[in-house]
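The paragraphs below lead through the strands, sheets, domains and one helix pair of a structure. Please keep the sequence and the model open while reading.

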Amino acid sequence: MTLETTSSAQVGTSPPSQAPTEHTLVIEPTRGWASLQLRAVWQYRELLYFLVWRDLKVRYKQTVLGLLWIVLQPVVSMVIFSLLFGELLNVPSGGVPYPIFAYTALLPWNYFASSLSKSSTSLVGSTHLITKVYFPRLIIPVSGVLSGLVDFGIAFLVLIGLMVYYGVAPTPAVVLLPAFLLLAMLTALGFGLWLSALNVRYRDVNYLIPFLIQVWMYLTPVIYGSTLIPERFRFLLGLNPMTGVVESFRWALLGNQLADAQLPGVLFAVSIAITLLVLISGAIFFRATERTFADIV
Amino acid sequence: MIDIAIRVEKLSKRYRIGRAQQRHDTLRDALVAGLRAPLERLRRDGRGLDRPAEDTIWALKDVSFEVKCGEVLGIIGRNGAGKSTLLKILSRITEPTEGRAVIDGRVGSLLEVGTGFHPELTGRENIYLNGAILGMRRAEIDRRFDGIVAFAEIERFLDTPVKHYSSGMYVRLAFAVAAHLEPEIMLVDEVLAVGDIAFQKKCLGKMSNVARGGRTILFVSHNMAAIANLCTHAFLLEQGRITRMGNTQDVIEAYIRSFQSLNGATLDQREDREGSGRLRFEDMRIQDRLGRLLDVVTCGQDVTFELAYTTDTSIRSQNVVMSIGFYNILGQPLFLCRSDLQGTEYRNMPAQGTVSCHIPKLPLPPGEFRVNLQCEVNGVVADWLRDAYIVTVIEGDFFGSGRLPSRTRGDLLIEHQWRQPVADAKE
């Protein structure tokens with residue numbers, strides 16, 4: 001075997017017209033902690049936009065009901081819950097009509113559940129991209145939690161209709177709703193980062209997710225109110241960040257009529273802390289395993 | 001310094017293979033192994049042993065080279081030699097295990113055309129989506145949009161979902177987007193192996209324009225004609241190492257020579273194969289009419305290709321299709337002998353055996369030809385060996401006239417008759 005060095009003569013080529021570029025890329029094995037690469041994510045924001053846009057474009061193609069599906073899911077759940085828990089079991093709803101009590105919670109919950117499931121399966125679903133082209137992988141789970149916002153917006157219109165129908169006026173705290181929604185989004189993203197990265201190696205995650213979401217819903221005061229739980233244990237509910245989100249939604253929207261309305265303060269603070277913990281650790285775990293995605297997915 | 005676009009230093013990539021058997025595909029396995037691992041590590045540390053060597057394979061080992069600005073460098077090598085791994089590392093899809101690469105300039109990589117195309121979206125929408133995936137900004141795509149559409153020749157179908165496109169249109173659109181990517185450095189993998197001949201020519205034309213435009217290109221292909229056409233320099237990768245580097249023509253010749261040593265090694269030792277493995281080709285022999293083994297074949301000779309195989313026994317009563325593909329030395333396809341096209345059905349094959357394909361009059365002129373073997377079981381590729389054999393053909397009396405066309409006049413001989421003139425009725 002002969003190994004020649006590159007011949008120094010350059011045949012028939014001219015240097016490129018562009019000036020020498022400012023960016024030099026060094027490729028080498030990552031050692032230790034990988035940086036979160038948030039700047040790279042920002043540089044690729046247009047790709048993020050296009051991925052979300054594709055998701056929205058494609059989602060209800062070739063369906064008869066189309067956008068109606070977005071409304072149908074929470075409304076049907078609301079009707080069933082109202083019959084079962086509101087009428088039959090008489091679950092206390094703090095003086096608010098049970099349907100609107102349930103729907104106010106279903107709104108952020110459904111957004112969270114679909115975002116979590118989408119971002120957790122997103123990496124494996126994008127195998128063809130991951131193995132063929134480079135971009136910050138963080139974009140994929142992030143796009144999973146963004147596209148659900150449109151569904152949330154549409155389902156929110158139904159809530160406005162319900163509030164008018166039942167004559168419920170929101171409290172001024174309604175301006176805080178985006179912050180509560182953001183908490184739901186970051187929670188979904190945090191768990192989505194963990195699960196999507198794990199899913200690359202362990203397909204168990206695919207089976208885990210529907211089950212996890214179901215159990216999680218019963219642990220979250222969606223069909224009941226957290227007042228059902230004895231006061232001294234209530235902070236424990238905060239360990240589930242979605243409790244904070246759901247109760248805050250009720251507080252901001254129905255507070256005027258809710259019997260013992262108060263911002264679930266401690267509970268909310270615990271939720272934020274947990275979410276940040278999961279989000280940051282998720283991002284670190286994601287980045288640490290990212291380098292092997294293309295090899296094992 | 002500034003005129004070096006890519007500098008690669010001792011780049012290596014290790015994959016685990018032995019571990020593939022006991023990879024922790026389910027969480028349960030991982031938990032069990034997680035409990036065991038500390039113990040095992042203790043034991044191994046005690047003995048001072050590293051991971052056994054057979055667990056891993058070096059897909060790339062100590063690869064170093066430099067590419068100057070504006071140079072078009074070809075990468076040649078057999079399947080599994082590490083070409084794609086190298087491009088994947090340079091495109092940052094996967095990380096190297098050792099070594100480093102320094103790239104000066106904006107990189108666009110084209111490891112596949114149509115990455116991220118969505119069948120439900122229209123041509124117009126896919127142009128934007130695919131452009132963004134390849135790293136173009138929206139403003140750039142806007143600017144090049146008309147050029148892309150014209151190049152792909154799909155004006156009329158711009159607003160049709162691509163799932164209704166013919167495969168030709170699909171590929172044209174996909175390549176058009178990629179071809180309008182204008183980074184300073186382009187990494188291209190085998191994308192020309194798609195589309196019809198006319199479109200391939202157009203793509204090659206576009207690429208050589210790009211090359212002349214002073215762009216730096218790293219080009220991987222099995223198509224030696226394309227490599228010879230486009231590249232000023234090339235190197236040959238064999239089992240993850242660079243074994244030859246320099247002038248394109250020299251490297252292509254070294255590559256071709258490397259095949260001739262292949263026939264010595266029996267097929268069953270070849271690992272660079274693809275497919276499910278339900279059937280494996282073990283050996284290939286060529287026999288003449290009387291069953292004598294042939295080392296070289298004569299033009300027009302009556303030959304039989306004998307393919308010895310083994311299967312897992314579960315293959316019984318499955319539908320098996322065998323094919324032998326003939327290629328010239330540059331890798332351009334000449335003809336295909338495929339059992340189902342010719343009307344032979346293979347069912348209930350013995351677990352080990354030999355199938356044969358008889359060609360009464362081999363239509364190859366003198367020269368060397370590459371042979372691919374492929375087997376499908378129920379439509380799924382079971383074994384696929386590129387360059388399983390190099391057939392050496394020597395001069396023979398194909399036409400019964402003792403004469404043959406000059407070697408530059410094509411890679412096939414065909415039986416035909418010229419007739420004496422017939423007087424025109426009018427005269």
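How many bridges join strand β1 of chain B to strand β2 of chain B? Nine bridges join β1 (residues 4–16) to β2 (residues 56–68) of chain B, and the two strands run antiparallel. This is a predicted model, in which local features need pLDDT of at least 70, side-chain atom pairs count only at pLDDT 80 or more, and totals for chains, interfaces and linings use all residues. Residues are numbered from 1 along each chain as its sequence is written, while chains are lettered from A and ligands numbered from 1 in the order in which they are written.

Helices (H or I, at least four residues) and strands (E, at least two) are DSSP runs, numbered from the N terminus. Two strands pair if DSSP finds at least two bridges between them. Strands of a sheet pair through backbone hydrogen bonds, either parallel or antiparallel. In the pairing of β1(B) with β2(B), B:R16 has B:T56 as its bridge partner. β1(B) is also joined to strand β4 (residues 98–104) of chain B, by five bridges and again in the antiparallel sense. There B:V8 is partnered by B:A101 of β4(B).

Chain B also holds an open sheet of six strands, in the order β5-β6-β7-β3-β8-β9 and with mixed pairing. Its edge strands, each pairing on one side only, are β5 (107–110) and β9 (241–247) of chain B. Neighbouring strands here are turned by 15° against each other on average, direction ignored; such angles run from 0 to 180 degrees between N-to-C directions, and axes are lines fitted to C-alpha atoms, for helices over the stretch in contact. Within the sheet, β3 (residues 72–77) and β8 (residues 233–238) of chain B pair in the parallel sense over five bridges, and B:I76 has B:L236 in β8(B) as its bridge partner. Helix α3 (residues 83–90) of chain B packs on this sheet and touches β3, β5, β6 (185–189), β7 (216–220) and β8 of chain B. The direction of α3(B) makes about 150° with that of β6(B).

Another open sheet in chain B has three strands in the order β11-β13-β16, with antiparallel pairing. β11 (279–287) and β16 (352–359) of chain B are the edge strands. The average turn between neighbouring strands of this sheet is 20°, direction ignored. β11(B) pairs with β13 (residues 303–311) of chain B over eight bridges, with B:F281 opposite B:Y309 of β13(B).

The domain assignment, automatic or from a database, divides chain B into domain 1 (62–260) and domain 2 (267–394). Their C-alpha centres lie 31 Å apart. Ten residues of domain 1 of chain B are in contact with nine residues of domain 2 of chain B, contact being C-beta atoms, placed from the backbone, within 7 Å. On the domain 1 side, α8 (224–230) and α9 (248–260) of chain B each supply at least two residues, and α9(B) gives the most, with three.

In chain A, helix α4 (residues 98–125) and helix α11 (residues 241–254) pack at an angle of about 135°, with axes 9 Å apart. α4(A) and α11(A) are therefore oblique to each other: angles under 35 degrees count as roughly parallel, over 145 as roughly antiparallel, 65 to 115 as roughly perpendicular and the rest as oblique. Residues making the contact include A:W109 and A:F112 of α4(A) and A:F249 and A:R250 of α11(A).

Conventions:
Two residues are in contact if their C-beta atoms, placed from the backbone, lie within 7 Å.
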